[in-house]
Amino acid sequence: MKYFLLVCVCLITFQFHAQELHFQQEDTIKNLPPVVITYKIQSPERMPEIKDNILFSGKKNEVLKLSNINGNFITNNSRETFSRIPGVSIWENEGSGIQINIGLRGLSPNRSWELNTRQNGYDISSDVFGYPEAYYNPPLEAVQSIELIRGGASLQFGPQFGGMLNYILKRETKKEFSFETQNSVGSYGLMSSYNAIGGNSNKFSYYIYNHSRSADGWRKNSEYNIRNSHAFVEYRFDENTKINAEYTNMDYKMKQPGGLTDGQFMQNSQQSLRDRNWFGTPWNLFSIQFDTKINDYFTSNTKIFGLIGQRNSVGFIATPNIIDEINLATNDYSNRRVDRDFYRNFGIENRNVFSYNLGKTSHNLAFGTRIYKASTKRKQDGKGTTGNDFDLYINGSYPRDLDFVTENLAIFAENQFRLNEKLSVTPGLRLENINSIGQGLFGIIDANNIALPQKNLIRNKALFGIGMEYKIAKTNIYANITQAYRPVLFSDLTPSAVTDVIDPNIKDASGYNADIGFRGSVNNYLNFDFSLFYLNYNNRIGGVRQYTNNDPNQGTYLFRTNLGETVNKGIESFFNLNITSMLEIEKKYGNVDFFATMSFIDSRYTNYKVYSSSGIPPNATITTTDLSGNRVENAPRYIHNFGLSWGKKNISTTLQCRISGKIFTDANNTTAPSTNGVTGLLDGYKVFDLSAEYKFFQYYNIRAGINNIFNEKYATRRSSGYPGPGILPGESTTFYISIGAKI
């Protein structure tokens, strides 16, 4: 039935176009214009010096225009999407693509939490300061472009160390009415349908889409069903002033197959030992944006935005060496654990650019302010049912019931001084006031409630930075050094056990990013960017084992505080060479592009101590280990992507290979795998992907692809908790085929 419905949708679009042609003049029908497909300029492109009231001068940045890339956007395949951006590490939890997990320069890819993640310029993560995990990302079939600014983004956008990632959604800017549909099928029951309408007439424009996708999943117990809906409307008062509003709603239900031990992974990486684990995050985003050009020198943008969402999980989350089996005494499974978060975030952000003349050159001042408040209600450790469906019912109350509030006020300014037509220098600063508040019920022991007294963490932070750019024809040399920080998370304010103690003077992680590079294009056939980077990440938070009341006879407790620092440094490079254009044979053979992104990352602890205890009081001892020189977990030493693209007239195709090095999965750099699969070295991998597109009759397309062509057996991460402890395998060979139209 599902396949039948997809075919019907495609036939309707063909019929719609046929009826449109029927009413045209006969000679027009006989002489339909030929299909002309312009050459796809290979992404990434670069941002101009100023766009959308943001200064990009001197900052390392990339813009991926997805219409110029062949890739599996149906399941948000990050491996193909980000292959042209150097230094991007990826976690593949499962093949749904519901969550995009990327990190840069050796930082953790966990739900992109080291990035300031946005959609159309506003926040989409749970809480930018207390819980910056991006449980939502838009379907890539609805995305026009992806903007990425590295560490130099911290002044204009705030945290995190990884920079700013912004998804720009599609809009209709030319036609009074347009209809787009893309319908896909693929391996393991994949079904996807993206449908959108849009228009632009006089002073109004609008865009509405709905995206639905489901699959059984490559691994057992990994089925999912997701829906994304979005509505946008804009009114233009005149050519200089406009206002728009948009609303996004996402809902999904996903089964989590859990992790595996190394033995289970080698035996059959497709297996699953969990059939009662579920996850879902209903998500609502809204924004109102006002843009105006007051005069030739001053432009302004104001965003009012908000988020209302949830994080819901239910399951048996023991390590994979523990079997989820029926208890013979009760003749039933054990009760599952239920965890729920409720988010309500609101903010206002204003950005302005003032251009002025000083001496013989023009200069630009970008400045603004931000007010933000986020509240999170966290309910954990609920005693769930013994069933196997997505049931969030619990017996009794939640042993852990906490309330967190984040309040933030920020002002920022950067000024681009053009010393001459070629050289510009951009200094800047950002002032942050952050107030994090936590309180509630921490746990229940022997029927006694253990309260978490109200904790207030108030701090004022000042960040400084400076960038430089020197133009040489169509190339430029750029450099930037900017301070950054990572706010104390809710988990850092909440002990993992009632005996643990949080340092009342705990600090945000702080440090800086530095870049120097050379980028540009040569004769329209070479696009390149080569750079060096240095990332200092100080005040990392961890646990210090200490004696209770300084007395070995009373045992030990864990003291959570700032412990040490890491340094990530390396080389990032990208080039795209249009071979046929260089040889001036593109008219005959089409466009053949070879691209490569190569990054070498040295990510190490430079000052970090861990503490462990052994023995029983009064013979308990504490051992200190200095991890200086150890490699940072989840940071591969190299990440390379190589690709070959060919396009001529109405057909294009891309073959690419991703090569990633080995990673340690814990700070101790444990090599041998643990019996539960949670720690141990993960081997590097090499994965090939092929994607192609054929366009016909001007309005229609067929897209197809094969991911992991040679069936590489690999894993990108180990997990200690959700989405299931142990190794999380990458997918084997899968395929997709898609039929679409834009009328």
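This is a short walk through a few places in the structure, from one residue to a sheet and then to the surface. Keep in mind as you look that the model is predicted.

Let's begin with S313, which you will find in strand β17, spanning residues 298-315. Is S313 buried or exposed? Its relative accessibility is 0%, and because buried means under 20% relative accessible area, S313 counts as buried. Its side chain has polar partners there: one polar contact of 3.1 Å links it to the side chain of R311, and another of 3.1 Å links the side chains of S313 and Y722. Leaving aside residues up to four places away in sequence, S313 touches W278, F279, R337, V338, D339, L392 and Y722. Y722 therefore appears both among these neighbours and as a polar partner of S313.

Now move to an open sheet built from five strands, which follow the order β3-β8-β9-β6-β7 with mixed pairing. At its edges are β3 (61-65) and β7 (122-123), each pairing on one side only. Inside this order, look at β8 (residues 143-149) and β9 (residues 164-169): the two run antiparallel and are joined by six bridges. To trace one bridge yourself, start at E147 and go across to its partner in β9, N166.

Finally, turn to the surface. Here F237, I243, I288, F290, I304, I348, I371 and L409 form a nonpolar patch, and together they have about 660 Å² of accessible area. One of its members, F290, sits in strand β16, residues 283-295. With a relative accessible area of 32%, F290 is partly exposed, whereas S313, where we started, is buried.

Key:
Residues are numbered from 1 along each chain as its sequence is written. This is a predicted model: local features need pLDDT of at least 70, side-chain atom pairs count only at pLDDT 80 or more; totals for chains, interfaces and linings use all residues. Side-chain values use heavy atoms; hydrogens and water are left out. Helices (H or I, at least four residues) and strands (E, at least two) are DSSP runs, numbered from the N terminus. Buried means under 20% relative accessible area, exposed over 50%, partly exposed in between (1.4 Å probe, protein chains only). A polar contact is a pair of N or O atoms within 3.5 Å; within protein, one must be able to donate a hydrogen and the other to accept it, and residues adjacent in sequence count only if both atoms are side-chain atoms. Contact means heavy atoms within 4.5 Å. Two strands pair if DSSP finds at least two bridges between them. Patches are made of residues with over 30% relative accessible area and no salt bridge: like charges are joined within 9 Å, nonpolar side chains (Val, Leu, Ile, Met, Phe, Trp, Tyr) within 5 Å. Accessible areas come from the Shrake-Rupley method with a 1.4 Å probe; for residues, only the protein chains shown count as cover. A salt bridge is a side-chain nitrogen of Lys or Arg within 4 Å of a carboxyl oxygen of Asp or Glu.
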